[in-house]
Amino acid sequence: MTVLAIIFILLIFIVILIAMSIVQMQMAGIKVKDFVSFIKANDSLDKLAIFAKKYNEMSPQEQVIYLAEAEKMFDAFDKIPQSVWEDEYDKYKEVLEKYKDIKIMRWNEEREYELSKNVKKIKPKEIKIM
């Protein structure tokens, strides 16, 4: 009987702690859903930081996946105050730099393709020998 009473008291204590943490997050302006997505994005940040080191070896498909995952991670991090994730700032910055590099490289490739499509084909004139 005393074991059940101890378990019941512990469960009540755990529920109170969870409620207090939710109230503190709300007082800080953080929604619980945003915090959960931040926790998932934090795991994603670690994977993207490793992936960023292989940046030069990425195929175009891997670059697209990297860009999409990085955008999801950035969205989740934007909803949380920076003071919460300042320990991860170096990884975040590294992922952001690679994201920018890939975006610029892909943008340049698109522009080159469009320019090459729009350039008129110039045929050499016949050379007349006098």
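Start with the rings: select F35, F38, F74, F77, W85, Y89, Y92 and Y99, which ring pairs link into a cluster. Keep in mind as you go that this is a predicted model. Searching the whole structure turns up eight aromatic pairs. For a good look at one of them, zoom in on F74 and Y92: the ring centres are 5.4 Å apart and the planes meet at 75°, so this pair counts as edge-to-face. F74 belongs to helix α3 and Y92 to helix α4 (residues 89-118), so the pair ties together parts that are 18 residues apart in sequence. Are these two residues buried or exposed? Both F74 and Y92 are buried.

Next, widen the view to the nonpolar core. The largest one has 22 residues, and Y66, M73, F74, F77, Y92 and V95 are those with the most contacts inside it. Colour the helices separately here: α2, α3 and α4 each supply at least two residues of this core. Which helix gives the most? That is α3, with seven residues. As background, nonpolar side chains tend to be buried together in soluble globular proteins.

Now pick M73 from that core. Beyond its neighbours within four places in sequence, M73 is in contact with A41, S44, L45, L48, Y92 and V95.

Follow one of those contacts to S44, which sits in helix α2 (residues 32-53). S44 counts as buried because its relative accessibility is 16%, below the 20% cut-off. Setting aside neighbours within four places in sequence, S44 is in contact with E69 and M73. Try a distance label between S44 and E69: their C-alpha atoms are 7.7 Å apart, although the two residues are 25 residues apart in sequence.

While you are on α2, show the whole helix. Its buried residues are D34, F38, A41, N42, S44, L45, L48, A49 and A52. How far apart are its end C-alpha atoms? They are 32 Å apart, which agrees with the 32 Å that 22 residues should span at 1.5 Å a residue.

For a last stop, go to Q63 in helix α3 (residues 60-78). With a relative accessibility of 6%, Q63 counts as buried. Show its surroundings and, leaving aside neighbours within four places in sequence, you will find Q63 in contact with M58, I102, M105 and R106.

Technical notes: Residues numbered from 1 in each chain as written. Predicted model: local features only at pLDDT ≥ 70, side-chain atom pairs only at ≥ 80, totals over all residues. Heavy atoms only, no water. Helix = DSSP H or I, 4+ residues; strand = E, 2+ residues; numbered from the N terminus. Buried < 20%, exposed > 50% of the residue type's maximum accessible area, 1.4 Å probe, protein only. Contact = heavy atoms within 4.5 Å. Expected span 1.5 Å × (residues − 1). Phe/Tyr/Trp six-rings, centres within 6.5 Å; stacked < 30°, edge-to-face > 60°. Core = buried A, V, L, I, M, F, W, Y, C linked by side-chain atoms within 4.5 Å.
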